[in-house]
Amino acid sequence: MSRGFPLSEIDNWNTGMLIDWALEYDRMQKRARGEAVHDEYERYKQLKAMEPQIEELHAQGRIRAAKYESYKQTLADCERRLRG
């Protein structure tokens, strides 16, 4: 099996765990080739941490509607990708 997965462990893993293994293996290969690898979960955590401040600034009228909508769309897209 490719990606170095130990076949002796296949009965102990569920489908989600296998997918995570494959995705992490692919990320490691990209890093080894010098390619940029973005961590969607880290990006999501950063965006989510900003949400209270963004909401407050928007409520005060200090953020344009287009910028606010762009932020909300980016957050929603990130959540959708993480749900897979």
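A salt bridge, for my purposes, is a side-chain nitrogen of Lys or Arg within 4 Å of a carboxyl oxygen of Asp or Glu. I'm keeping in mind that this is a predicted model.

**Entry 1: a pair to start with.** I looked up E24 and R31, and their side chains form a salt bridge at 3.6 Å, N to O. E24 is partly exposed at 29% relative accessibility, and R31 is partly exposed too, at 46%.

**Entry 2: the overall fold.** I found three helices and zero strands, so the pattern along the sequence reads α-α-α. The radius of gyration is 18 Å, well over the 12 Å that the globule rule gives for 84 residues, so the protein is more spread out than a compact globule. I also noted that the C-alpha atoms fill a box of roughly 60 × 30 × 15 Å along the principal axes. Just 13% of the 84 residues count as buried.

**Entry 3: back to the charges.** How many salt bridges does a search of the whole structure find? I got nine. One of them joins E35 and R33, with the closest N and O atoms 2.8 Å apart. Here E35 is partly exposed at 37%, while R33 is exposed at 54%.

**Entry 4: a link between helices.** I checked K72 and E51, whose side chains meet in a salt bridge at 2.9 Å, N to O. K72 sits in helix α3 (residues 65-83) and E51 in helix α2 (residues 40-59), so this pair ties together parts 21 residues apart in sequence. K72 is partly exposed at 26%, but E51 counts as buried at 16%. Both belong to a salt-bridge network with K48 and E55.

Key:
Residues are numbered from 1 along each chain as its sequence is written. This is a predicted model: local features need pLDDT of at least 70, side-chain atom pairs count only at pLDDT 80 or more; totals for chains, interfaces and linings use all residues. Side-chain values use heavy atoms; hydrogens and water are left out. Helices (H or I, at least four residues) and strands (E, at least two) are DSSP runs, numbered from the N terminus. The radius of gyration is taken over C-alpha atoms; the globule rule is 2.2 Å times the number of residues to the power 0.38. Buried means under 20% relative accessible area, exposed over 50%, partly exposed in between (1.4 Å probe, protein chains only).
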